[in-house]
Amino acid sequence: MTHLRFGRAVLAVALAFPIAFGGTVKATFAETVLRVIPHADLKNLDPIWTTAYISRNHGYMIYDTLFAMDENFKPQPQMVDTWTTSDDGLVWTFVLRDGLKFHDGAPVTGEDVVASLQRWGKRDGMGQQLFSNVASLEAPDDKTVVMTLSSPFGLVLESIGKISSNVPFIMPKRVAETDPFEQITDYTGSGPFVFEEDEWVPGNTVVYTKFDDYVPRDEPVSAAAGGKLAKVDKVIWQYFPDNTTAMNALMAGEIDFFEQPAPDLAPILASNPDITVEVNDPLGSIGFARFNHLLPPFDDADVRRAAIMAMKQEDYLAAAIGDPQFWKTCYSVYPCGTPLANDVGSDIMATGDVGAAKAALGETGYDGTEVVIMQPTDIPVLSAFSLVTAEKLREAGFNVKLEAMDWATLTSRRALRDPVGEGGWNMFHTWWIGADVIDPMAIAFSGNPDAGWFGWAEDAELEGARAAFAQASTEAEKKELAAKVQERLWAIGASGELGQFFVPVAYRNNVEGLIKSPVQFFWNISVE
Amino acid sequence: MLAYVLKRVLMTVPVMIVVALFVFLLLRLAPGDPAAVIAGDYATAEDVARIREQLGLSDPIIVQFFNWTWSLMQGDLGTSIFSNKPVTELILQRIEPTMLLALTTILFSIAIAVPLGTIAAFRSGSWIDRVVMLFSVGGFSVPVFVLGYILIYLFSLTLKVLPVQGYRSPFEHGLGPFLSHITLPSVTLSVIFIALIARMTRASVIEVLEEDYIRTARAKGQSEFKVLMRHALRNAAVPIVTVVGIGIALLIGGVVVTESVYNIPGLGRLVLDAVLARDYPIIQGLILFFSFIYILLNLLIDLTYTFLDPRIRY
């Protein structure tokens, strides 16, 4: 009797507790949810305001683009139905597809497109190039956009169909009119998923729900191009600051998809029969050792070239990535396997010989000036790159000082052009995703120190070749100019290229329909 | 008593002002630039400069400090540079998991540690005492993250009885999911506090057991249980409460690691993410908030003494 009463009491408390605390039992019948561990925390929601990849991926969830890159790296129409070009190549007319709607139900109009492209054109490097050739951009009616160029530009579709940051996402006009250096506060898009702002917990959870009114294209999916079919009702991004916990959550079935497991965890995940580990990004990422061209000793091209000769890609990739199935050497500045990849001038990078580097350095008259390498210890791959460079350069005869710091410190310090004693620097390492360095227009290849990337390389010939590439109209011409750009990059020793590596994705076997692409997309994916 | 409480509460104001000034200057002197983090890896130096300008980070430090304190006086902790959300909203969003994790940890720790320490003291020198002390040394020595991974491996991956990660609110999801998600983090975090409190309890009780009034109580024929509970433990309570108070303060540091290992969206994670991104308003707001909690905790502990020991008066 006593036991029975006690049992009933426990049951009553157990049942009453959720009700007492306002708990509810939610019906989740038939709702399909894809639970994702993204590669980073979604800190901000404006993919034009920042170049962060996670904000770009968020953009792909909720926005759509006029054109999109397919798996052959060619721009294909996405929101655009038809388009025409005048004979002189100066007037481009785009007609939008039927049925395009924003998440608030309003139709997507030409005016939205004009405002969105204009905002993007003020922030994105390629957008700035395009708009420096645009005489006018107008929407004569709701479905038409006319771009008139002041001079021929060979990369119109490549620009508005670029796959990586900053992507020219189409926003409502009222949103796109926000100052490009201020964050947007209205997250209405027209993409296949809707951002649930109320459920956003910065640093932890982002929730997207399927946009029922999205009209996908009929073509099969191909990288960013083709029909974007949302096959789940909800996608939840749950950020894990700890890679081991993320791995455990995937193995326990609490998560379906892990976007970027650390390379050293891949073998453990692969040994689990319920989990697939594979490379989903055909281009991978390219390791990059950047010199500061303004400060000695790397203000001398011969010294930079000597340093490059000491860099052996295999050593970097083995130290930072490990398993050889996830990396390969690549001496082209464009990712190997892409149309513009070539080997012009790349002998210097392929040298990988400290002895040769030492001899070359001896001929430069290097005076032993200290080389400060910034080492971001909170990013294991870059920390390993820094250590290998320090070792190689020391062996080659450089006087090297490694300075450990976190990535946030590095990003602010690398913007300084001051001497080393006043906070400046000589070298740092990073990587580019392959899609970002697929052609000479990448900011990594700039030879203009005023508008270029950190390190501030300067070479008029290089800039001339890049400008010519932007005007080129034929594939043969583009290839020739891309090779010329590469030849100049190696000639001036702009940066060291540390090889191509591929961070695998890991997912449970109930996930199907992953898209092979340099960017992780979540349409076309279903969960059983 | 009331006058004392009021005096202590008023004293928090100058302390908070000093903390605010210190935190603000420390952050501005530390290397790192949120504008550079925001702009992303592929932005140019010019983009970074424009963003810095837009965020008001190019203003002289004194102007930035004045703007911040002016907002603070109006009850506004500022807005996150990254997420554009008010810091107050972010703290409120995260406070529940941290507070409940801290509460369950402290309750669990006290429930285990005080009896353990008392028994160890009572049986001082016996095998029970040695086991408790061994546990205390071990608990103090094992890093939180190591213990966390071991527990996850045992209970989540091998036995599959508890989830690996996450947090479920008792108010939204009910008690069952809350308990299943909070158990491992609480146990992980408790071990160090059990070790700390058990050692202090043992030491205090041993000291008290040697007092004359204990001998008197025994001479009067009181049972050992009564001697222990009524006389020894009550008199040993003040240092134990002090240690519990210090423990709660330490706990706030401990939750940073525990929340990361168990992926709990609490204040510890918020601090960590904000520091890594140099999100100044969040760091400033949180440190002020934590300072306030510390001050309140100290006040609470001081007041608790009067209930435990009638000889203490303010």
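Strand E5 (residues 80-85) and strand E6 of chain A pair in the antiparallel sense over 5 bridges. Two strands are taken to pair if DSSP finds at least two bridges between them, and strands (E, at least two residues) and helices (H or I, at least four residues) are DSSP runs numbered from the N terminus. The model is predicted: local features need pLDDT of at least 70, side-chain atom pairs count only at pLDDT 80 or more, and totals for chains, interfaces and linings use all residues. Residues are numbered from 1 along each chain as its sequence is written, and chains are lettered from A and ligands numbered from 1 in the order in which they are written.

**Strands E5 to E8 of chain A**

Within the pairing of E5(A) with E6(A), A:Thr84 stands opposite A:Thr93 of E6(A). The hairpin of E5(A) and E6(A) has 5 residues between the strands, and A:Gly89 in this hairpin takes a positive phi near 75°. Strand E6 (residues 91-96) of chain A has a covered face formed by A:Trp92, A:Phe94 and A:Leu96. The uncovered face of E6(A) carries A:Val91, A:Thr93 and A:Val95.

E6(A) is also joined by 5 bridges to strand E8 (residues 144-149) of chain A, and these two strands run antiparallel. Here A:Val91 has A:Thr148 of E8(A) as its bridge partner. E8(A) pairs in turn with strand E7 (residues 134-141) of chain A, in the antiparallel sense over 5 bridges. A:Thr148 of E8(A) is the bridge partner of A:Ser136 as well. A hairpin through 2 residues joins E7(A) to E8(A). The strand pairs of chain A described in this report are listed below.

| Strand pair | Sense | Bridges |
|---|---|---|
| E5(A) and E6(A) | antiparallel | 5 bridges |
| E6(A) and E8(A) | antiparallel | 5 bridges |
| E7(A) and E8(A) | antiparallel | 5 bridges |
| E1(A) and E13(A) | parallel | 2 bridges |

**The seven-stranded sheet of chain A**

The last pair in the table belongs to an open sheet of 7 strands in chain A, with the order E10-E11-E12-E1-E13-E21-E14 and mixed pairing. Its edge strands, each pairing on one side only, are E10 (193-195) and E14 (275-278) of chain A. Strand E1 (residues 33-37) and strand E13 (residues 257-258) of chain A form the parallel pair. In this pair, A:Val36 has A:Phe257 of E13(A) as its bridge partner.

**Domains**

Domain bounds come from an automatic or database domain assignment. For chain A the assignment gives domain 1 (40-184) and domain 2 (285-501). Their C-alpha centres lie 31 Å apart. Two residues are in contact if their C-beta atoms, placed from the backbone, lie within 7 Å; on this basis, 10 residues of domain 1 of chain A are in contact with 12 residues of domain 2 of chain A. The side of domain 1 of chain A that touches domain 2 of chain A holds 6 nonpolar, 4 polar and no charged residues. Ala, Val, Leu, Ile, Met, Phe, Trp, Tyr, Cys and Pro count as nonpolar, Asp, Glu, Lys and Arg as charged, and the others, Gly among them, as polar.

Chain B is assigned domain 1 (2-73) and domain 2 (95-308). The C-alpha centres of these two domains of chain B lie 33 Å apart. Their contact takes 14 residues from domain 1 of chain B and 12 residues from domain 2 of chain B. On the domain 1 side, the elements giving two or more residues are helix H1 (2-29) and helix H2 (34-39) of chain B. H1(B) supplies the largest share of that side, 9 residues. By class, the same side of domain 1 of chain B divides into 10 nonpolar, 2 polar and 2 charged residues.

**Contact between the chains**

Between the chains, 44 residues of chain A are in contact with 48 residues of chain B. Helix H1 (2-20), helix H7 (243-251) and helix H14 (407-413) of chain A are the elements that give two or more residues to the chain A side. That side of chain A has 19 nonpolar, 17 polar and 8 charged residues.

**A partly exposed lysine**

A:Lys358 lies in helix H12 (residues 354-362) of chain A. A:Lys358 counts as partly exposed because it has 16 C-beta neighbours inside 10 Å; a residue is buried if 20 or more other C-beta atoms, placed from the backbone, lie within 10 Å of its own, exposed if 12 or fewer, and partly exposed in between. Leaving aside neighbours within four places in sequence, A:Lys358 is in contact with A:Ala396 and A:Gly397.
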